[in-house]
Amino acid sequence: MENNDQLNKNQKEDVGKLRHLIKDQIKKEKKEYKKLISEEIDSKKKKELKKEAKNLFKFGKLPEEKIDPGYVIELKDVQKYYFMSKNNYEHILKGINLKIRPGEVVIILGMSGSGKTTLLNIISGLTNFNEGSVRVLDRDLFYLNENKKTKFRADHIAFVFQSYNLIQSLTVSENIKIGENLRPKIKEKIDVNEILNSLDLLEQKHKYPFQLSGGQQQRVSIGRALAKNPTILFADEPTGALDEEKGKEAIRMILNINKIFKTTLIIVTHNPNFATVGDHIIRIKNGEIIEDYYNQNKVSVNDIKWT
Ligand SMILES: Nc1ncnc2c1ncn2[C@@H]1O[C@H](COP(=O)(O)OP(=O)(O)OP(=O)(O)O)[C@@H](O)[C@H]1O
Ligand SMILES: [Mg+2]
């Protein structure tokens, strides 16, 4: 196999597509091997089959490309299809290329249905992609199996979801504590009361999510992310259910996480007025990036025009 550096752009694209084809093929063959192995009664033959299956996987491993130095996220020509049936599919992401530096506040803008959540889920390894490559930190997500992806998320990533994703059977305090438990290395104990206080939730701390307003639930979800102190924080429409005052407060809190911990923030929204508080603005339309620039005139949250 040629050295990666020698591959020209077209060849690289071909390799990108090939990796996915090979992966699918290997998946099929692994399944067949699994069946053969389970049916084989001769232990010697069983061993041989296992060895073959293992080699098959090694053979399918094409060279990994390293992430460009100085970046935490790099996507190249990412394509995503949703298949309704074999011949009926929707092309959701159409060749996404983007690069994000550590500590950036990234705002991803786009109308409803443009592919924002899909993109975010792909970067965080929650959804598979069909073509292209996704590298986050030093991982090539293409090569991580589900267990490794889960570990990768546990170690580095937190979410503030569009739907709050709170655990209904736990109180506000307990939901925030979960963030601490998700922390990879607990260096210092967090003060849940301090977080509750900063989010104006102290009085609600013993309540369950169904006893909270939408805004309060959203703040619990921010609190949980704060408690985790991740490398990258994804926030999907963090102000979706909030009025101006509460919405600005939520954004302020999320931006504070970036200020204090230098966390890379990826904030998804359909409200273009938020672009003004970000460092790096990416606009997406019908599954394509139509604008990608660095914002030279950052404004404070107070100055966001809400409507
Ligand atoms: N699991 C799925 N199966 C099929 N189609 C899907 C699936 N998830 C999303 N889609 C489709 O993909 C497109 C993009 O959806 P996505 O959720 O990424 O949009 P969005 O930009 O986040 O929109 P919103 O602002 O409304 O949250 C939509 O047309 C949606 O219907
Ligand atoms: Mg969405």
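**A loop, a buried helix and two sheets**

M111 lies in the loop between strand 3 and helix 3. The model is predicted. With 13 C-beta neighbours inside 10 Å, M111 counts as partly exposed, because a residue is called buried only at 20 or more such neighbours and exposed at 12 or fewer. M111 and P272 are 161 residues apart in sequence. In space, their C-alpha atoms are 9.5 Å apart. Distant pairings also appear in the chain as a whole. Among contacts between residues at least 6 apart in sequence, 69% join residues at least 24 apart.

The protein chain has 307 residues, of which 31% count as buried. Its secondary structure consists of 8 helices and 10 strands. Two open sheets are described here, one of 6 strands and one of 4 strands.

The sheet of 6 strands has the order 6-7-8-3-9-10. Its pairing is mixed. Strand 6 (157-160) and strand 10 (288-294) are the edge strands, and each pairs on one side only. From one strand to the next, the twist averages 15 degrees. Within this sheet, strand 3 (residues 105-109) and strand 9 (residues 280-285) run parallel and are joined by 4 bridges. V106 stands opposite H280 in strand 9.

Two helices lie across strands of this sheet. Helix 3 lies across strand 3, strand 7 (232-236), strand 8 (264-269) and strand 9. Helix 3 runs at about 155 degrees to strand 8. Helix 7 (residues 214-228) lies across strand 6 and strand 7. The angle between helix 7 and strand 6 is about 170 degrees.

Helix 3 is largely enclosed by the rest of the structure, because 7 of its 8 residues are buried. The buried residues are K116, T117, T118, L119, L120, I122 and I123. After helix 3 comes G125, whose phi is positive, near 75 degrees.

In soluble globular proteins, nonpolar side chains tend to be buried together. The largest nonpolar core in this model has 56 residues. V106, I108, I254, I266 and I267 touch the most other members. The contacts of I108 can be listed in full once residues up to four places away in sequence are left out: K116, L119, I266, V268, I282 and I284. K116 and L119 are also among the buried residues of helix 3.

Helix 3 also takes part in the surroundings of ligand 1. The residues around this ligand are Y82, E90, I92, G110, S112, G113, S114, G115, K116, T117, T118 and H270. Strand 2 (88-100) and helix 3 (116-123) are the elements that give two or more residues to the shell. Helix 3 supplies the largest share, 3 residues. By class, the shell has 8 polar, 2 nonpolar and 2 charged residues.

Strand 2 leads to the other sheet. The 4 strands of this open sheet have the order 2-1-4-5, and the pairing is antiparallel. The edge strands are strand 2 and strand 5 (139-140), each of which pairs on one side only. Strand 4 (residues 131-136) and strand 5 run antiparallel and are joined by 2 bridges. Here V136 stands opposite R139 in strand 5.

Methods: Residues are numbered from 1 along each chain as its sequence is written. Chains are lettered from A and ligands numbered from 1 in the order in which they are written. This is a predicted model: local features need pLDDT of at least 70, side-chain atom pairs count only at pLDDT 80 or more; totals for chains, interfaces and linings use all residues. Two residues are in contact if their C-beta atoms, placed from the backbone, lie within 7 Å. A residue is near a molecule or strand if its C-beta atom, placed from the backbone, lies within 6 Å of it. Ala, Val, Leu, Ile, Met, Phe, Trp, Tyr, Cys and Pro count as nonpolar, Asp, Glu, Lys and Arg as charged, and the others, Gly among them, as polar. Two strands pair if DSSP finds at least two bridges between them. Axes are lines fitted to C-alpha atoms, for helices over the stretch in contact, and angles run from 0 to 180 degrees between N-to-C directions. A nonpolar core is a set of buried Ala, Val, Leu, Ile, Met, Phe, Trp, Tyr and Cys residues joined through C-beta atoms within 7 Å.
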